[in-house]
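Work through the exercises below with the sequence and the model side by side. Try each task before reading its solution.

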Amino acid sequence: MANFFDTSIEFLKGVGPQRAALIQKELGLFTFGDFIQHYPFRHEDRTQFFKVAEINETMPYVQMKGRISHREVIGEGFKKRLTAKFADETGELELVWFQGIQWVLDKIKPGVEYIAFGKPNRYGNKLSIAHPEIELLSTKSEKGGFLHPVYSITEKLRPRHIDSKFISKCQQEILRGAQTHIRETLPASIVSEQKLITKKEALLHIHFPQNQEWLIAAQTRLKFEELFYIQLRLIKMKLVRQEKFRGQIFNDTSILTQFYNEHLPFPLTEAQKRVIREIYLDLKSGKQMNRLLQGDVGSGKTIVGFICMLICVGSRTQAALMAPTEILAQQHYANLKKYADKMNLSIALLTGSTKKAQRKILHEALQNGELKILVGTHALLEEEVKFHKLGLAVIDEQHRFGVAQRSKLWQKNADVYPHVLVMTATPIPRTLAMTLYGDLEISVIDELPKGRKPIITTHRYDSHRLMINGFIKKQVEEGRQIYIVYPLIEESEKLDLKHLMDGYESISRAFPDVPISIVHGKMKPQAKDYEMARFVKGETKIMVATTVIEVGVDVPNASVMIIESAERFGLSQLHQLRGRVGRGADQSYCILITDFKLGAESKERMQTMVRTNNGFEIAETDLKLRGPGDLMGTQQSGALDLLIADLGKDGHLLQQARDIAISILNSDPELSKPENRMIKAQVESVKKAAVNWSRIS
Ligand code: ADP
Ligand code: MG
């Protein structure tokens, strides 16, 4: 017999082929198995009854017993509504309906006892509930209460009567049939050690919990399982790689010593030295390195990357650096070229806009080994790009490449994989690092170069412009340079450009004698470069720009970063932008300008920026505020497509899951012991499902 969970949802009562097709399209649910994993995103508490006097507008949903009186239809047209008083012995509140008025009037009789359920709101001094659910009070409804699931649906489903209630009914039907088919997917030892409930219990109570405790137990069980199998897979990948893949051995440090003695531009921080040691140990270990390098903006990751490249070039191999965007690639190239030139090492840039003739020369030099260092975008991954011997691939991720792309770089060497060093542009929270980069070793630069003064950040409103201009004037007089950054978001590109131009004009008017640069995405690259160069040389004092400068050049003399419409930036981006100043010895400032009216979340972002300069702390807050999907951009969402676990909140559970996965794989890498048979089966069935999915989509 075919697996129960592989049954198509069209065979559910009330679904049929047409609705099934719609559900597949809208929710991506094909089988009973998919459907049962469409977990409710919240529950409504139908176990408790409140007295009317206890109710206030901060409560999410409430259920009360009482009688209805004073039904009244008021207003005209779209303002027409039905109001009714709902009262118990403690007080009364108002119920309101804007639609289906006649139907409600027919259904609801004064004087009879009802159960009302809905979300209370306050209008003036009156509490009211719009479109409450109303049900006759009966012994059944009073006793049989449990937490009602609420499912996410889409607007297209509603007209076909596929709503949360409908999904709930289907879940009930599936669960009834599933009882004999639900397999346990965690070994009994883990279930008992972690005090988890069984899979069967969890699937029932995630949908229809008897009470809050059961709901939490069900969530914990399913979250643990989800995180556990992700970690297991990542750690297994890491072990397999360490076992299987030989690494090139680099232990000739003569070039490195020369660089240290003659050209090191500044003493390295202790954190930089520690990280370089960690990497060097990998490079001479005989195993292939896969390491993530994390560090705050300005912590000096570039020089660490370069030093690692020197180690591998010193052992007669080549190094590559891949960046996610053309601008970033150019910036890295410019930075590394300074060092490479001093060491007489050939270095080249390869991006999508590299000319064909140029490419040909480059490809040749790469293949015969003359070219030692190649910097570029994902153009590096193209088939024609062949190395003589690639020793190290450095990947600057800015959260944009996925595991699959990373592994493409490995294949640039036929015989032995290159070592891989992944650098993140900004710090990412631990939970995210463990999930996105759980298959890598991690190094952290947790120290900024000496002499940096913490940047002073303030939050100001439009009304403070005069004061801000006064501040700009003083800074310019002291010889400092200033960035003024405007958001540029694609949907409203035109408006943003106008905003930027208006800002530029008003700054020009306020400072007629100060040379000002402007840079934005609509300019020709040459014009952009020209303006950037003027600012870098100090010829212009103020740079008015869109976020292109987020990844722009390093100007140590710039000491003020003003961010306009700061509420439109995410926390990580604000932190990145702020990192453009504070690179010299002077005190630096960041001024966030926003509208006076701000949502709670925007306010918290501004407060976080004002409170701390610590990129790791900012990343944690960003994760809590926005969730992992937004944080990482869309390209990697696959890795973060969690059914139930939340990396912002479930850090503790994730750590436990990871620890257990590590200890199991350490003692049984092949999962061949009898007690791990269940884990192995689960890993394999997930693998199979993944294959099926790729076929469907
Ligand atoms: P990020 O980690 O953000 O990539 P960078 O590598 O761009 O940081 O370094 C930021 C700035 O700090 C650069 O101007 C770099 O030359 C400088 N820098 C890096 N390490 C040190 C150090 N140990 N001492 C002084 N300055 C340093
Ligand atoms: Mg950098």
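The exercises cover the domains, two sheets and a ligand site.

This is a predicted model, where local features need pLDDT of at least 70, side-chain atom pairs count only at pLDDT 80 or more, and totals for chains, interfaces and linings use all residues. Residues are numbered from 1 along each chain as its sequence is written, chains are lettered from A and ligands numbered from 1 in the order in which they are written, and side-chain values use heavy atoms, without hydrogens and water.

**Exercise 1. Find the domains of the protein chain.**

Step 1. Mark domain 1 (4-43 + 153-178) and domain 2 (48-144). Step 2. Mark domain 3 (188-244 + 648-689), domain 4 (264-285 + 300-424) and domain 5 (456-612). These bounds come from an automatic or database domain assignment. Step 3. Go from domain 2 to domain 5: their C-alpha centres are 52 Å apart.

**Exercise 2. Trace the six-strand sheet and the helices on it.**

Step 1. Follow the order β17-β22-β21-β18-β20-β19 in this open, parallel sheet. Strands (E, at least two residues) and helices (H or I, at least four) are DSSP runs, numbered from the N terminus. Two strands pair if DSSP finds at least two bridges between them.

Step 2. Look at the edges. β17 (456-461) and β19 (516-519) each have a single partner strand, so one side of each has no neighbour in the sheet. Neighbouring strands turn by 15 degrees against each other on average, direction ignored.

Step 3. Check one pair. β18 (481-486) and β21 (558-563) run parallel, joined by five bridges. Tyr 483 has Met 561 in β21 as its bridge partner.

Step 4. Add helix α19 (571-578). It touches β17, β18, β21 and β22 (589-594), with contact meaning heavy atoms within 4.5 Å. Its direction makes about 150 degrees with that of β21. Axes are lines fitted to C-alpha atoms, for helices over the stretch in contact, and angles run from 0 to 180 degrees between N-to-C directions.

Step 5. Add helix α20 (600-611), which lies across β17 and β22 and runs at about 150 degrees to β17.

**Exercise 3. Which residues come nearest to ligand 1?**

Step 1. There are 16 residues around ligand 1 (a heavy atom within 4 Å). Gln 272, Gly 298, Thr 302, Arg 452 and Asp 554 come nearest.

Step 2. Find an oxygen atom of ligand 1 at 2.7 Å from a side-chain N or O atom of Thr 302.

**Exercise 4. Trace the seven-strand sheet.**

Step 1. Follow β6-β7-β4-β3-β2-β5-β8; this open sheet has mixed pairing. Step 2. β6 (120-123) and β8 (133-136) are the edge strands, each pairing on one side only. Step 3. β5 (113-118) and β8 pair antiparallel over four bridges. Phe 117 stands opposite Glu 133 in β8.

Note on methods:
Polar contact = N/O pair within 3.5 Å; in protein donor to acceptor, adjacent residues only side chain to side chain.
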